[in-house]
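Please look over the notes below with the model open. They concern salt bridges and one sheet.

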Amino acid sequence: MSSSESLPKNESQLFKDIFRNYDPLVWPNQNNSPNWNIDVWMSINSLVDLNEKDQVLSLSAMFDLTWKEPLLKWDPKEYNTEVIYVPTDMLWLPDVIVQNAVSNYGQIGNRNLKVYLESTGTIIWFPGDFYETYCKVDVRHYPFDTQYCKLILQPLSCEKKIVNLDLATEPVLRMNYDENGEWELLEIVPDKVWQHRSRHFRVEFTLHMKRKTLFYIVNMILPIVFLSLLNSLVFALPANSGEKITLCISVMLSYAVFLTLVNDALPENSDGVCYFSAYLATEIFLSMTATIVTVVNLALHHQDPRYMRTTRLLTYLLPDKKIKILADVTIKGKTIDQALDTHEDGTGIKVVLGSDIAAALDRLGFKVFTIVNIVASMSFFCAMSGMY
């Protein structure tokens, strides 16, 4: 049995009748109107990836383009059918492109899929595909960021024959959407935009996405917060241990590694500063400052045990038992063994050992760096989370 004989007679005759005088290469408007309106809705299947480095959004989606063709109407009672499936090469299809595509730039859809044709002359075309579009990434609040990415459908037409894209009654469907492990799709906002230069309407679908932060909290933020504590603990390490400088350098290099990892994941632009990168740079600066202070401390701690005049700051920081009062004005030659204490009013000079100054700076450094680390961490994390 041949394929033509296996088809219902009425449907086979229907193809012959409605396409007898129809040419898919001709503008399908029997009234010669310059405008042709097409309703569009979007069904997203999956959000594959958002490459922040290249600023490219990858997603799988299907569109529904619906329009009426008066030449292709029929009486469903006469042919015993209301819908037929028509190959795309038998119909005129609008030239619609994804304007912000970065790959496969051309007409949307798969030409091998058939088109629905209803008895009212309504044509329904489902051009589904894998799309890669440009998305300008705002990195300021990384990794607590939200992104707005657009998918723009643009009809190609001229002033004499204009194709207008319009939004359907229900322009967005998410029935078959598969969740992404990194991004949460909050909403899809459709919009119809008038193009003044080309004198037609296009449609835009804006995807509002929020990054899922659990991975970044566990693998990046918590280790960095723990490292920030080591900046202060450097000053609690005894000078005689011989490991103060080693700890300072290790912490600073760890921050440098994390800063490199963060910058490798972000686009190379100067439109905005990532607060997370700024926080890491601040911690590197604090580590460098702690290293410098530690070097000075060790120089004071290991210098010759000679007395030096105190200052008001040292008098305030050091306990009274650390301060000696010498009667001799020439104190540079005095050592611990040669020093003679005197407590006569108005005749003594307050002096202190270098190791005592180093110990005082350690206590001061621990307090100052602890406060600065807490304030810096809270400020940057509030900024990253968008609290201000």
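The points below take up the sheet, then the charged pairs.

1. **Status.** This is a predicted model. Read every distance and angle here as a computed value from that predicted model.

2. **The sheet.** 4 strands make up an open sheet. The order is E4-E8-E11-E10, with antiparallel pairing. From one strand to the next, the twist averages 20°.

3. **Edges.** Strand E4 (96-98) and E10 stand at the edges. Each has a single partner strand, so one side of each is left without a neighbour in the sheet.

4. **E8 against E11.** These strands run antiparallel and are joined by 8 bridges. Two pairs help with orientation. Gln-147 has Met-209 in E11 as its bridge partner. Lys-150 has Thr-206 in E11 as its bridge partner.

5. **E10 against E11.** Here the antiparallel pairing runs over 12 bridges. Pro-190 stands opposite Phe-205 in E11. The hairpin of E10 and E11 has 4 residues between the strands. In that hairpin, Arg-199 takes a positive phi near 60°. Please check this residue when you inspect the backbone of the hairpin of E10 and E11.

6. **Cover on E11.** How many residues of E11 are buried? The count is 10 of 12, so mostly covered is a fair description given the cut-off of under 20% relative accessible area. Two E11 residues that take part in salt bridges, Glu-204 and Arg-211, count as buried.

7. **Salt bridges overall.** The structure holds 9 salt bridges. Three of them are taken up below, each with a partner in E11.

8. **Asp-145 and Arg-211.** This salt bridge has its closest N and O atoms 2.6 Å apart. The pair links distant parts of the chain, 66 residues apart. Asp-145 sits in the loop between strand E7 (128-134) and strand E8 (146-155), and Arg-211 in strand E11 (residues 200-211). Buried or exposed? Asp-145 is buried, at a relative accessible area of 2%. Arg-211 also counts as buried, at 2% relative accessibility.

9. **Arg-211 and Glu-182.** Arg-211 meets Glu-182 in a salt bridge as well, at 3.0 Å from N to O. Glu-182 lies in the loop between strand E9 (162-173) and strand E10 (183-195), whereas Arg-211 lies in strand E11, so the pair ties together parts that are 29 residues apart in sequence. Glu-182 counts as partly exposed, at 22% relative accessibility. The reason is the cut-off: buried means under 20%, so 22% falls outside that class.

10. **The network.** Which residues are joined by salt bridges that share partners? Glu-52, Asp-145, Glu-182 and Arg-211 form one network. Arg-211 takes part in the bridge to Asp-145 and in the bridge to Glu-182.

11. **Lys-150 and Glu-204.** This salt bridge has its closest N and O atoms 3.3 Å apart. Lys-150 is in strand E8 and Glu-204 in strand E11, and the pair links distant parts of the chain, 54 residues apart. Lys-150 counts as partly exposed, at 37% relative accessibility. Glu-204 counts as buried, at 6%. Lys-150 thus appears twice in these notes: its side chain bridges to Glu-204, while Thr-206 is its bridge partner in E11.

How values were computed. Residues are numbered from 1 along each chain as its sequence is written. This is a predicted model: local features need pLDDT of at least 70, side-chain atom pairs count only at pLDDT 80 or more; totals for chains, interfaces and linings use all residues. Side-chain values use heavy atoms; hydrogens and water are left out. A salt bridge is a side-chain nitrogen of Lys or Arg within 4 Å of a carboxyl oxygen of Asp or Glu. Helices (H or I, at least four residues) and strands (E, at least two) are DSSP runs, numbered from the N terminus. Buried means under 20% relative accessible area, exposed over 50%, partly exposed in between (1.4 Å probe, protein chains only). Two strands pair if DSSP finds at least two bridges between them. Axes are lines fitted to C-alpha atoms, for helices over the stretch in contact, and angles run from 0 to 180 degrees between N-to-C directions.
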